[in-house]
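Subject: Structure handover

Hello,

Here is the structure we talked about. Please open it alongside this note; what I found follows below.

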Amino acid sequence: MISRRINSLSSSRDAFDAAKGYYGDALSQSGYPNNSMEYTPDEGSTRKSRRTRKRKILWFNPPFSTTVETQVSHKFLCLIDKHFPRTHKLHKIINRNTVKVSYSCMANVEAVIKSHNKKLLQKRNEQVQTTTRDTGCNCRVKESCPMNGKCLTKAVVYKATLDTGSQSFSYIGMTEGTFKKRFNGHESSFRLEKYKGATKLSEKIWSLKERGQDYRVSWSIVRRGHPYRNGQKNCDLCTSEKLEILLRSHDPNLLNSRSEMLAKCRHKRKFLL
């Protein structure tokens, strides 16, 4: 017993030998002359540790709020004492030792709103990736595609360049659907006189036709966005179109009018009751 104790307290053989003489003399004076103590470094570490059993505790976590003056935890523990006294058959399971109270600091309103917005933005970004990617072209003659093989791209802000040889005019537009569908609408306004005033671009082309002047229209994608979703404050497509018009407002050959900057979003109408 003494040897095991010294082994557990000694960090090395030198420390064991230094303490061995003192304990050996004490054992001899106590009537134990034949005591043999040897240094065994692993003896102290091989001793079995006492098994600890975890208690099964049921936690009650009420949300914490500085505006609540009621002592919720105190009243809850009083209810435990009242309804599960020592004489109750469930007292061994439900008592103050097995049921504990701890306030839960839940997320405030700001954190909840930020988390909710983050989820919506993540879904919206996924929708942007799916709706704004290049979806190809279904033109019969690929060489005549107005957007160089990207006419089926959705939710875009596009630019039309009207070249008359001596002058070059630009027009900014946007579409929620595919560009090809919007392009067909422009072509109808160029071809049919009843749609002459559909856009500023069609008005300019008809004025060139009346003067017998040749022209050429080329198309390009300026910016991509996502269509309006119910609940959003602003429409990304309409805002992007107005931004592109504003950036080119110093250009005297820009066909867009200033009134387009004040136009309301047309994509919100389908969500109205």
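In which hand, left or right, does α5 pass α6? The crossing is right-handed. Keep in mind throughout that this is a predicted model.

The helix pair

The axes of α5 and α6 come within 9 Å. They cross at roughly 35°. On the α5 side, the contact is made by H186, S189, F190 and R191. On the α6 side, L201, S202, I205, W206 and K209 take part. Two of those α6 residues also show up in another arrangement: K209 lies over the face of W206, 4.5 Å from the ring centre.

Overall layout

The chain has 273 residues, and buried residues make up 26% of them. Its secondary structure comes to 7 helices and 5 strands. Reading from the N terminus, the order is α-α-β-α-β-α-β-β-α-α-β-α. Take the contacts between residues at least 6 apart in sequence: 56% of these join residues at least 24 apart.

The cores

The largest nonpolar core holds 19 residues. Within this core, C151, L162, Y171, F179, L201 and W219 touch the most other members. Four elements give two or more residues to this core: β3 (154-163), β4 (168-178), α5 (179-191) and α6 (200-210). The largest share comes from β3, with 4 residues. Another core lies apart from this one. That other core has 11 residues, among them A155, V157, L237 and C238.

C151 is worth a look by itself. Leaving out residues up to four places away in sequence, C151 touches G136, C137, N138, C139, C145, T178, F179 and K180. K181 is another residue to view with C151. The two are 30 residues apart along the chain, yet their C-alpha atoms are separated by 8.6 Å. K181 sits in helix α5. K181 counts as exposed because its relative accessibility is 65%, and the cut-off for exposed is over 50%.

Aromatic pairs

There are 7 aromatic pairs in the count. Two are described here.

F183 and W219 make an edge-to-face pair. Their centres are 5.6 Å apart, with 85° between the planes. F183 lies in helix α5 and W219 in strand β5 (residues 216-224), so this pair ties together parts that are 36 residues apart in sequence. Both F183 and W219 are buried.

Y228 and F271 also form an edge-to-face pair, at 5.5 Å centre to centre and 65° between the planes. This pair links distant parts of the chain, 43 residues apart. Y228 is in the loop between β5 and α7 (236-247). F271 is in the segment after α7. Are these two rings buried or exposed? Y228 is buried, at 7% relative accessible area. F271 is partly exposed, at 30% relative accessibility. The cut-offs explain the split: buried means under 20%, and partly exposed runs from there to 50%.

Ring pairs also build a cluster, which links Y158, F179, F183 and W219.

Positive phi

Most residues other than glycine have a negative phi. Which residues here have a positive phi near 55°? N148 is one of them, and A155 is another. Their settings are as follows. N148 lies in the loop between α4 (109-131) and β3. At 70% relative accessibility, N148 counts as exposed. A155 lies in strand β3. A155 is buried, with a relative accessible area of 0%. A155 also belongs to the core of 11 residues.

The segment after α7

L254 lies in this segment. What does L254 touch, beyond residues up to four places away in sequence? The answer is S170, I172, I245, R248 and S249. L254 and S168 are 86 residues apart in sequence, and their C-alpha atoms are 9.2 Å apart in space. L254 counts as buried because its relative accessibility is 13%, and the cut-off for buried is under 20%.

Where to start

I would open the view on α5. This helix makes the right-handed crossing with α6. It gives two or more residues to the largest nonpolar core. It also holds F183, which pairs with W219 of β5. From there, move on to Y228 and F271, the other edge-to-face pair described above.

Best wishes

Methods: Residues numbered from 1 in each chain as written. Predicted model: local features only at pLDDT ≥ 70, side-chain atom pairs only at ≥ 80, totals over all residues. Heavy atoms only, no water. Core = buried A, V, L, I, M, F, W, Y, C linked by side-chain atoms within 4.5 Å. Buried < 20%, exposed > 50% of the residue type's maximum accessible area, 1.4 Å probe, protein only. Contact = heavy atoms within 4.5 Å. Phe/Tyr/Trp six-rings, centres within 6.5 Å; stacked < 30°, edge-to-face > 60°. Lys NZ or Arg CZ within 6 Å of the ring centre and 35° of its normal. Axes fitted to C-alpha atoms, helices over the stretch in contact; angles between N-to-C directions. Left-handed = near helix turned anticlockwise from the far one by under 90°.
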